[in-house]
Amino acid sequence: MKNPDDASLETKVVHGGAYRCPHMAVTPPIHQTSTFAFRDVDHGAALFSGEEKGYIYSRMLNPTVEALEECVAELEGGHAGLACGSGMAAINTTLTTLLCAGDHLVCSDAVYGPTCTLVESILPRCGIECTVVDTSNADAIQSVMRDNTKVVYVETPGNPTLVISDLETVSQVAHRGGALLVVDNTFMTPFLQQPFRWGADIVVHSLTKFLNGHADVVGGMIVVKDEDQYSRLRKQLNHLGGVLSPFDSFLVHRGIKTLALRMERHCANATRVARFLESHPEVEWVRFPGLKSHPQYEVARKQTSGPGGMISFGLKGGLAAGRAMMNSVKLCSLAVSLGGVESLVQHPASMTHASMGAEARRRASISDGLVRISVGIENVDDIIRDLDQAMQPNRIPAPSTCC
Ligand code: LCS
């Protein structure tokens, strides 16, 4: 590792996971190969038995992928990383490694829609029970812990409500009950929040979002704290097979080099946009971790070093007004995903969180009128001008004509 351990995050994002290239290439080359030749039969056997370290087959390990894994692990302050083909692959690999039939899982109610479907519909088919709670309330977690609870799974801030769970308190409740704490750190990235510092046992990411930052890769990452967790998860990932390709690893590693600059700009722009929305006459409510009106504002200040780039809000005209607004943006794109350099707006109830069903959305306070913005790094005045023109009252159909 080229990084001194005490280097700042701004330095680590540039140098993290530095690849030791025999040709001294400054940028890690793309090892676009599925397999690696053995010197002879004994060499192959030694690699397979683990007697010798080296590369065998790219589903198992690949130098370009490994460089990215080292980089994200360094940023999180973890022991090692495991790159996956998507954020969902990272979450699925983690939960199916830690849980068996007969085990119980506690999960945040406000999570990305497919995560909710995984824990409430797919894992129960394998005999894994799940209870969904508001993890911003430690007493609520405590009240659902059972003898067989093995994992507490928290997304903070939660997608799309931006509800914040106090990681220090949640980890205490989980550990007291003999469970591990798994944290989805996608919205904050290690630049703004490092869950291991607050007691998390495993951190997962959708690399697709801020870490890559350029909306051109789907990927995921698991970061672990010790070698035992690493070898269990590596074995599971190798056999489930949901790995990241060398080319996508290269792109994400390249994206991370500007993570500090991008996150600073996302935070600054989103703060300006959130204040603009809060003072706009058509806006009924705004949820943003950097606003004092956020119910867990103090928790956010304690465990994060910035508010991030995500905002949720509702218009006074409700769903009809939100639809009119989303159909009228010009600079922002109407698209799911988040964390790229470009601003995106989307409607969780009919898009990212549609698969959860109406009852699960109601439980997680995802109202039909909720609009989510991923604030990009464009000139903030241009973003505000675009939202302002899209929220002109004459764009909002009268209630009798709306859908
Ligand atoms: N975790 C969080 C917090 C997410 O927001 C997402 C995707 C995932 C995990 C899954 O990652 P993926 O498999 O897509 O890489 N969130 C999305 C969203 O809000 N819009 O589109 C995708």
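Two residues count as being in contact when their heavy atoms lie within 4.5 Å. With that in hand, S249 is a handy place to start looking at this predicted model. Setting aside neighbours within four places in sequence, S249 touches T64, V65, L68 and L244. The residue itself sits in helix 10, which runs over residues 246–256. As for exposure, S249 has a relative accessible area of 0%, and since anything under 20% counts as buried, S249 is buried.

Zooming out, the protein is built from 15 helices and twelve strands. Its radius of gyration comes out at 22 Å, close to the 22 Å that the globule rule gives for 403 residues, so the protein is as compact as a globular protein of that length. Taken along the principal axes, the C-alpha atoms fill a box of roughly 75 × 50 × 40 Å.

What about contacts across the whole chain? Of those between residues at least 6 apart in sequence, 73% link residues at least 24 apart. Burial can be put in numbers too: 57% of the 403 residues are buried, S249 being one of the buried residues.

That leaves the outside and the charges. The accessible surface adds up to about 16900 Å², and carbon and sulfur atoms account for 53% of that surface. On the charge side, the protein carries 35 positive and 42 negative charges, and the mean positions of the two sets are 4 Å apart.

How values were computed: Residues numbered from 1 in each chain as written. Predicted model: local features only at pLDDT ≥ 70, side-chain atom pairs only at ≥ 80, totals over all residues. Heavy atoms only, no water. Helix = DSSP H or I, 4+ residues; strand = E, 2+ residues; numbered from the N terminus. Rg over C-alpha atoms; globule rule 2.2 N^0.38 Å. Buried < 20%, exposed > 50% of the residue type's maximum accessible area, 1.4 Å probe, protein only. Areas by Shrake-Rupley, 256 points an atom, 1.4 Å probe, with all protein chains shown as cover. Lys, Arg positive; Asp, Glu negative; His and termini not counted. Charge placed at Lys NZ, Arg CZ, Asp CG, Glu CD.
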